[in-house]
Amino acid sequence: MKAALQRIIGVALACIILLFIGRNLYLGLHAMGHYRFTVSPLRIVGAFATFAVLFPVYGWLWKYIMAKFGYPLTYGKATRIWLLSQAGRYIPGKVWFALGRIYLSEREGIPKRITTIATALELVLVLGSSLVIFGLAWLVRPSIGGHPYVWSVWLIPVMIVGVHPRILRWVLRWLGRFGKRGAAVADASYGDKAFTMKYTDVLTMLVAYVFCWCIYGIGYYLIASAIGFATDAAGAPASPDLKLLPEMIGINALAWAGGFLSVITPAGLGIREGISTFLLRGLVANPYPLLIPLVARVWVTISEVVAIGLAFVARGRK
């Protein structure tokens, strides 16, 4: 009953946020209705092509993590496990993708407690690297969207120190106790004992995830700039310029992290869009702060659904 209520609240909250964004977007587009839209098919193709790079790298990183835990997987199996488990993110409550990861890995002979702690490690590194990339974006452009996020630069050394194995073991132990209280995972309390990675291994993965955020951010910029207004009319808003790429990479990473931490909305629905809209204000002209997050949501959803479908078909043929 409690889980059902949480799902209802999550979907309702996401709908309210998206309704608010959609209303403002409609008003903005209506006011600019006399401008002609332009679409760049090349940029749209380029945006989708970034996932052709990104998903295989995520699969390789999952293979790398599992090998470090002493359970080597073939690249194909690791990538399929990673992709198929992503479907769980579209269900309110972040536990479902983790349970899917545990189930799929268990079919390959990997114990629950190992998959649990490996998944927790992955999440810590993905979220930590998103904060690092936002801090790096600030270093490149100290005023993101007109807002001086000076505090963000401190995220870089904090995350580099924070992923030290001694600290990670404490974090993973805490996540194990939290997961046990929330009935999210099984045998999580033993995960920290299985974590024996060296600091260089963890830093290698952190850098790899930072690289992933850069690729993801390039796709975000391409899809954001693919739809624009003809500039032959006075007052038509210009599409995002290439010089905004560092900010776009940082905004996309931070918005994703905020959406992921929202436990009551599926795939961060509404939360991610709200953060993006707030950070894009002052960076691009209206209606882009509202238009970009919605277009990006469609882009990401199509890419993930297609990739998950291909992984499902490939798994069915085995």
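**Two cavities and a buried helix contact**

Q: Which helices each supply at least two residues of the lining of the largest cavity?
A: In this predicted model, the helices that do so are α2 (41-68), α4 (95-106), α5, α9 (199-226), α10 (245-261) and α12 (288-316). The top contributor among the elements is α2, which gives 4 residues to that lining.

Q: What makes these spaces cavities, and how many does the search find?
A: The space has to be one where a 1.4 Å probe fits but cannot get out, so a void open to the outside would not carry the name. With a lower limit of 30 Å³, the search of the whole structure returns 2 such cavities. The largest has a volume of about 240 Å³, and of its 18 lining residues, those closest to its centre are Tyr58, Trp82, Gln86, Arg89 and Trp256. The second largest holds about 80 Å³ of space.

Q: Why do Tyr58 and Trp82 count as nonpolar, Arg89 as charged and Gln86 as polar?
A: Tyr and Trp are listed with the nonpolar types and Arg with the charged ones, whereas Gln belongs to neither list and therefore falls among the polar residues. Applied to the whole lining of the largest cavity, this scheme gives 13 nonpolar, 1 polar and 4 charged residues.

Q: Which residues line the second largest cavity, and which element supplies the largest share?
A: The lining consists of Tyr216, Tyr220, Asn252, Ala255, Arg272, Glu273, Ser276, Pro293, Ala296, Arg297, Trp299 and Val300. The largest share, 5 residues, comes from α12, while α9, α10, α11 (271-280) and α12 each supply at least two. By class, the lining comprises 7 nonpolar, 2 polar and 3 charged residues.

Q: Which residues of α11 are buried, and what follows that helix?
A: Arg272, Glu273, Ser276, Thr277, Leu279 and Leu280 are the buried residues of α11, and among them Arg272, Glu273 and Ser276 also line the second largest cavity. After α11 comes Gly282, with a positive phi near 90 degrees.

Q: Why is Thr115 called buried or exposed?
A: Thr115 lies in helix α5 (residues 112-140), and its relative accessibility is 0%. The term buried applies under 20%, so Thr115 meets it.

Q: How do you know where Trp62 stands on the same scale?
A: Trp62, a residue of helix α2, also has a relative accessibility of 0%, and therefore counts as buried.

Q: What makes Trp62 and Thr115 a contact pair?
A: A contact requires heavy atoms within 4.5 Å, and with neighbours within four places in sequence set aside, the partners of Thr115 are Trp62, Arg101, Ile102, Ser105 and Ile110. Under that exclusion, the partners of Trp62 are Leu73, Ala78, Ile81, Trp82, Arg101, Ser105, Thr115, Ala118, Thr119 and Glu122. Arg101 and Ser105 thus appear in both sets.

Q: How far apart in space are Trp62 and Pro72?
A: Their C-alpha atoms are 10.0 Å apart, with 10 residues of separation in sequence.

Q: What is the wider setting of these helices in the protein?
A: The secondary structure comes to 12 helices and 2 strands, in the order α-β-α-α-α-α-α-α-α-α-β-α-α-α from the N terminus. Of the 318 residues, 50% are buried, and among contacts with a separation of 6 or more, 76% join residues 24 or more positions apart. The protein exposes about 15,000 Å², of which 71% is supplied by carbon and sulfur atoms.

Terms used: Residues numbered from 1 in each chain as written. Predicted model: local features only at pLDDT ≥ 70, side-chain atom pairs only at ≥ 80, totals over all residues. Heavy atoms only, no water. Buried < 20%, exposed > 50% of the residue type's maximum accessible area, 1.4 Å probe, protein only. Areas by Shrake-Rupley, 256 points an atom, 1.4 Å probe, with all protein chains shown as cover. 1 Å grid on protein atoms, 1.4 Å probe; cavity = no way out; pocket = protein on both sides within 12 Å on 5 of 7 lines; lining within 4 Å. Points joined across faces, edges and corners; volume = space filled by probe spheres on them.
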